[in-house]
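Please open the structure in your viewer and keep the selection tool at hand. The tour below goes from one selection to the next and says what is there at each stop.

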Amino acid sequence: SLTRLVSELDEHVRPIAVKLGSKLEVLLESRVQSSSSYGARGRRLAARRVPRIALGERNLFRHLEDEEGLDTYVHILLDLSFSMYNPSTQPEPQVVAKAAVLSMGDVMDKFAIPFGVSIYGCDYTDVKLAGDGWRKVRPYVDVGSMGGTRSVDALSRVIPLAASQSQNRRLVLLVTDGNTDGGNSLMVPVLNELTAAGLEFAAVQI
């Protein structure tokens, strides 16, 4: 099943998956942040401090130090509803979406970033929870259409999962074509609930 999915990642799909994965990799690398300190010796002269020599200032050299940023948990919610399976669009939205999720999962697995993956349509399934190994569950991202687009119900299921994680930063990432049963106005209350739970939200439009 996974082999079939990979074989469909032609020259139009692969750059999308690689680009999304690369952006996520840069985001996760930014968890290591630089702070500055100054000393009397060093190789990087702080030009703004030079005029302070007249005042007896000797700490003119800037030193950059790395420090850990906020730790992060990511929960990916993948829309696999009817509208994602559109043979008139090549490559199909579901192929691009699955490729993106696989790419992002591989990057987070590489960086040992805790994450979860859920898929939905009318139904909802948790493919990966925080403690699960990615390689074992990775093939289960490739499934058939799951019916209508119940994004509100799916987000409501994800909120307690993401909110229960211990990381300081917790992000819910929705991968979808944007078509939601009942209209996007129904998303407002659940997004408010998500914010109230201390979660961040982002959507990747396919």
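## A charge over a ring

Begin by selecting K128 and F115: the charged end of K128 sits over the ring of F115, and the distance to the centre of that ring is 4.2 Å. Keep in mind throughout that this is a predicted model.

Leave F115 selected and add W134, since a search of the whole structure finds 1 aromatic pair, and the rings of F115 and W134 form it, with centres 5.4 Å apart and planes at 65°. Planes over 60 degrees apart count as edge-to-face, and this pair is therefore described as edge-to-face. If you colour by secondary structure, you will find F115 in strand β4 (residues 115-120) and W134 in helix α4 (residues 134-137), so that the pair ties together parts that are 19 residues apart in sequence. Are these two residues buried or exposed? F115 has a relative accessibility of 2% and counts as buried, and W134, also at 2%, counts as buried, because the word applies to residues under 20% relative accessible area.

## The whole chain

Now clear the selection and show the chain as a cartoon, where the secondary structure comes to 6 helices and 7 strands. Followed from the N terminus, these elements run in the order α-α-β-β-β-α-β-β-α-α-β-α-β. The chain has 206 residues, of which 40% count as buried. Among the contacts between residues at least 6 apart in sequence, 75% join residues that are at least 24 apart.

## Two helices side by side

Next select residues 151-163, which form helix α5, together with residues 187-196, which form helix α6; the axes of the two come within 10 Å and cross at roughly 10°. That crossing angle makes α5 roughly parallel to α6, because angles under 35 degrees are counted in this way. To see where they meet, show the side chains of S151, V152, L155, S156 and I159 in α5, and those of M187, V190, L191, E193 and L194 in α6. What kinds of residue make up this contact? The residues divide into 7 nonpolar, 2 polar and 1 charged.

Stay with helix α6 and pick out M187, which lies in it and, at 10% relative accessibility, counts as buried. Leaving aside its neighbours within four places in sequence, M187 is in contact with S151, V152, L155, L174 and T180. A distance drawn between the C-alpha atoms of M187 and V152 comes to 5.9 Å, although the two are 35 residues apart in sequence.

Then move along α6 to L194, another residue of this helix, which is buried with a relative accessible area of 1%. Again leaving aside neighbours within four places in sequence, the contacts of L194 are L155, I159, V172, L199, E200 and F201. Between L194 and V172, which are 22 residues apart in sequence, the C-alpha atoms are 8.8 Å apart.

## One loop, two stops

For the last selections, go to the loop between β3 (72-79) and α3 (93-110), where P91 is found. The peptide bond that joins Q90 and P91 is cis, with omega at about -5°. For comparison, most peptide bonds are trans.

In the loop between β3 and α3 you will also find F82. Is F82 buried or exposed? With 57% relative accessibility, F82 counts as exposed, because that word applies to residues over 50%. Show S145, G147 and G148 as well, since F82 touches these three when residues up to four places away in sequence are not counted. Finally, select N179, which is 97 residues away from F82 along the chain, and draw the distance between the two C-alpha atoms, which are separated by 9.9 Å.

How values were computed:
Residues are numbered from 1 along each chain as its sequence is written. This is a predicted model: local features need pLDDT of at least 70, side-chain atom pairs count only at pLDDT 80 or more; totals for chains, interfaces and linings use all residues. Side-chain values use heavy atoms; hydrogens and water are left out. Axes are lines fitted to C-alpha atoms, for helices over the stretch in contact, and angles run from 0 to 180 degrees between N-to-C directions. Helices (H or I, at least four residues) and strands (E, at least two) are DSSP runs, numbered from the N terminus. Angles under 35 degrees count as roughly parallel, over 145 as roughly antiparallel, 65 to 115 as roughly perpendicular and the rest as oblique. Contact means heavy atoms within 4.5 Å. Ala, Val, Leu, Ile, Met, Phe, Trp, Tyr, Cys and Pro count as nonpolar, Asp, Glu, Lys and Arg as charged, and the others, Gly among them, as polar. Rings of Phe, Tyr and Trp (its six-membered ring) pair if their centres lie within 6.5 Å; planes under 30 degrees apart count as stacked, over 60 as edge-to-face and the rest as tilted. Buried means under 20% relative accessible area, exposed over 50%, partly exposed in between (1.4 Å probe, protein chains only). A charge sits over a ring if NZ of Lys or CZ of Arg is within 6 Å of the ring centre and within 35 degrees of the ring normal.
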